[in-house]
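Please walk through this structure with the sequence at hand. The text takes up loops, domains, cores and helix packing in turn.

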Amino acid sequence: MDSSNDQIRRQITEVLKRYWGFTSFRSVQEQIILSVLARRDTLALMPTGGGKSLTYQIPGLVNDGICLVVTPLIALMKDQVDRLRKMGIQATAVHSGLSAHQIDIALDNCVYGDMKFLYVAPERLTSEAFRLRIRRMKVSLLAVDEAHCISQWGYDFRPSYLRIAELREMLPDTPVLALTASATPRVAEDIMEKLRFTTPHLIRSSFSRPNLSYSVRRTDDKNEQLLRIIRNVGGTGIVYVRTREGAEQIASFLREEGIPAGFYHGGLGHAERTMRQDDWITGKSPVMVATNAFGMGIDKADVRYVVHYSMCDSLESYYQEAGRAGRDGNRSYAVLLISPGDEGRIAKRFEAEFPPLDKIRTIYEKVCNYLQIAIGDGAQSGFPFNLPDFCAREHLYTGTVQNALKILRQNGYMTLTDEMENPARILFCVSRDELYRIRVDRNDLDHFIRTLLRLYEGVFTDFRPINEQEIATWSGYTPQKVRELLQRLWQLRLIRYIPSNRSAILYMDEERLPTADLYISPESYRRRQELTRERFEQMLAYASNETTCRSLFLERYFGAEDPHDCGICDLCLARKRAARGKEPDMNKLREELMQRLTTETLEPQEVASALPYPPEKIAEAIGKLRDEGKIYLNGEGKITINR
Ligand code: ADP
Ligand code: MG
């Protein structure tokens, strides 16, 4: 038994090296993979950026058959598929940004080809096309990413996730791996129940970040504090602010003070975002002032500080954003700035952003009108949706609309996906025969149409993604000219043309209803309001806490069983300072030291920084305990309890 386990461990480490080039697993990755390979239903709880993807990708590679991955984030889905393909692994995705025809092709490839990974957006699970094919696939593992979406007690509940239970019925012999970064104990239990775990099995990694020093600064002058932090800490940093205007203003304030700072927010064009991000990554502009649009998918190890100019909506967001500091393991700082009155102000904004029921109905109606969806139409279709543009036109707050859309999603009406790159698409409005009959009087158009037909089959039946660059190469025109000619064909009503863009997709789960028929369950409405408030209250509690170690506070929030003081946050340091000078209670010190050593072995220096006592007193206690034979230094120089 053991030797076969060793063999599996060797095998998965081998796969990790060969495909990813990493030398070892992080924290609980290996434990999760082994559990999945033993075909146990497993819930894995790890922080964002902790490396959850590997834990289903490696079993997916090792096992025969295909690994099915349910995830709601299309941009991440595309990113994962691209990465796998670059490693030479067959992977594909099915989501609302694709046409019915593209989905059919992708699914057929899974039935007939030797596809290893199929990523599916939850709202696609119920489609007939999917259900018919899935029975014919050999599914080795069902991975459910962002698994908290299945729980009504979770903040991001999506009714489409409940359908995963049906999948389990269709695939009775396939184990499930649920993954999430945020789950209260109640949500964790709910996930395992809703996903029909045969026996509950939760593997949780620690949320502690031993090199990250958390602190909260109360101040009347945030700018002055900010300057001080940036000048004292140095190196690369991120300053998170709430609004786009805020990002621009604070960046310009910092530049006036001689600090090379850039700004970043969702209102910038794609090219500009990339440029600003690069300037920051290369160190040309080491301070980035940004809204929470910044940071997803960015892997910069040497970020020395993350300052929050105002509070986040939840500790989940705060932990994730602050956690972008210190990935390289060196000392880093996460600072939250608070001024008197912040709490009241933010609470008020919260109320304002939570739309009353009538407003939600109005927003539903306006969204449908904006997308030109008629009553009775739109079911199971996706539409590119520009949220900022919609809000500007309708004079609505983005926050209000986002909240309304989330409530509409929870009630099963519409789902707004994340932003993604969409290729240009065309569809001929006339048949092939008609096209030849119509005399296209201009030569250049005739040549152009021929090129299109040569390159893209099937453009008569379905919207097809096209590549303007590719058309340019084959037709001999510049990409600019290609776009002009496409516009021209569009004006002649020969084709329908959607230029390439970057946008979110609004997916209609149901046909558009008359506004009066829209039913929003009061319970789901209230629950969302409560959850929003509860989450924010935890953020407030973190900010106003003046006694509990900050790291410990966060770890408890994420459900850790017995977290320890970090020894480096502002509160731990203050406690150490207070203890200095005073004669410490040696008995208490000994007790805390032994308590600490029951769960881990530590080097003497680690103990010194972890406990709130003067180092010389700690050294004294260690010496005494050693003389008494209660502890010893093991081969690695770590203090261990003598049992
Ligand atoms: P999550 O889904 O938990 O947010 P990801 O799976 O996206 O995290 O992984 C985050 C990053 O960590 C990725 O860049 C990944 O390549 C990297 N990573 C994951 N596991 C390891 C490992 N064992 N060693 C080094 N890097 C890793
Ligand atoms: Mg992930």
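In which loop is Arg196 found? This is a predicted model, and in it Arg196 sits in the loop between α8 (185-194) and β7 (202-204). Its backbone has a positive phi of about 55°, although Arg196 is not a glycine. Most residues other than glycine have a negative phi. The relative accessibility of Arg196 is 44%, so the residue counts as partly exposed.

Gln380 can be described along the lines just used for Arg196. Phi of Gln380 is near 60°, again a positive value in a residue other than glycine. Gln380 lies in the loop between α14 (357-370) and β14 (381-385). With a relative accessibility of 38%, Gln380 counts as partly exposed, because the range for that class runs between 20% and 50%.

Next comes the division of the chain. The assignment gives domain 1 (2-204), domain 2 (212-340), domain 3 (347-421 + 506-528), domain 4 (424-499) and domain 5 (583-641). Domain 3 is thus written as two segments, 347-421 and 506-528. Taken over C-alpha atoms, the centres of domain 3 and domain 4 are separated by 35 Å.

Now to the interior. In soluble globular proteins, nonpolar side chains tend to be buried together. Here the largest nonpolar core has 80 residues, and those with the most contacts inside it are Leu68, Leu118, Leu167, Tyr214, Tyr318 and Tyr542. This core draws at least three residues from each of domain 1 (2-204) and domain 2 (212-340). Apart from it lies another core, of 33 residues, which includes Ile12, Met46, Ile58 and Cys67.

Two residues of the 80-residue core can be followed further. Leu68 belongs to strand β2 (residues 66-70). Its relative accessibility is 1%, and buried means under 20%, so Leu68 counts as buried. Beyond its neighbours within four places in sequence, Leu68 is in contact with Leu118, Val120, Phe130, Ile134, Val139, Leu141, Leu142, Ala143, Leu167 and Leu171. One of these partners, Leu142, is 74 residues away along the chain, yet the C-alpha atoms of Leu68 and Leu142 are separated by 4.9 Å.

The other residue is Tyr318. Leaving aside neighbours within four places in sequence, its contacts are Tyr214, His308, Cys312, Gly323, Ala334, Val335, Leu336, Met539 and Tyr542. Among these, Tyr214 and Tyr542 are also listed with the most contacts inside the core.

The helices come last. Helix α12 (residues 315-322) packs against helix α22 (residues 550-557) at an angle of about 125°, with the axes 11 Å apart. That angle makes α12 oblique to α22. Their crossing is left-handed. Leu315, Glu316 and Tyr319 of α12 make the contact with Phe553, Leu554 and Tyr557 of α22.

Which way does α21 run relative to α22, parallel or antiparallel? The axes of helix α21 (residues 522-544) and α22 come within 10 Å and cross at roughly 160°. Angles over 145 degrees count as roughly antiparallel, and α21 and α22 are therefore roughly antiparallel to each other. The crossing of α21 and α22 is right-handed. On the α21 side the contact is made by Arg535, Gln538, Ala541, Tyr542 and Ala543, and on the α22 side by Arg550, Phe553, Leu554 and Tyr557. Phe553, Leu554 and Tyr557 of α22 are therefore named in the contact with α12 as well as in the contact with α21.

Notes
Residues numbered from 1 in each chain as written. Chains lettered and ligands numbered in written order. Predicted model: local features only at pLDDT ≥ 70, side-chain atom pairs only at ≥ 80, totals over all residues. Heavy atoms only, no water. Helix = DSSP H or I, 4+ residues; strand = E, 2+ residues; numbered from the N terminus. Buried < 20%, exposed > 50% of the residue type's maximum accessible area, 1.4 Å probe, protein only. Contact = heavy atoms within 4.5 Å. Core = buried A, V, L, I, M, F, W, Y, C linked by side-chain atoms within 4.5 Å. Domains from an automatic or database assignment. Axes fitted to C-alpha atoms, helices over the stretch in contact; angles between N-to-C directions. Parallel < 35°, antiparallel > 145°, perpendicular 65-115°, else oblique. Left-handed = near helix turned anticlockwise from the far one by under 90°.
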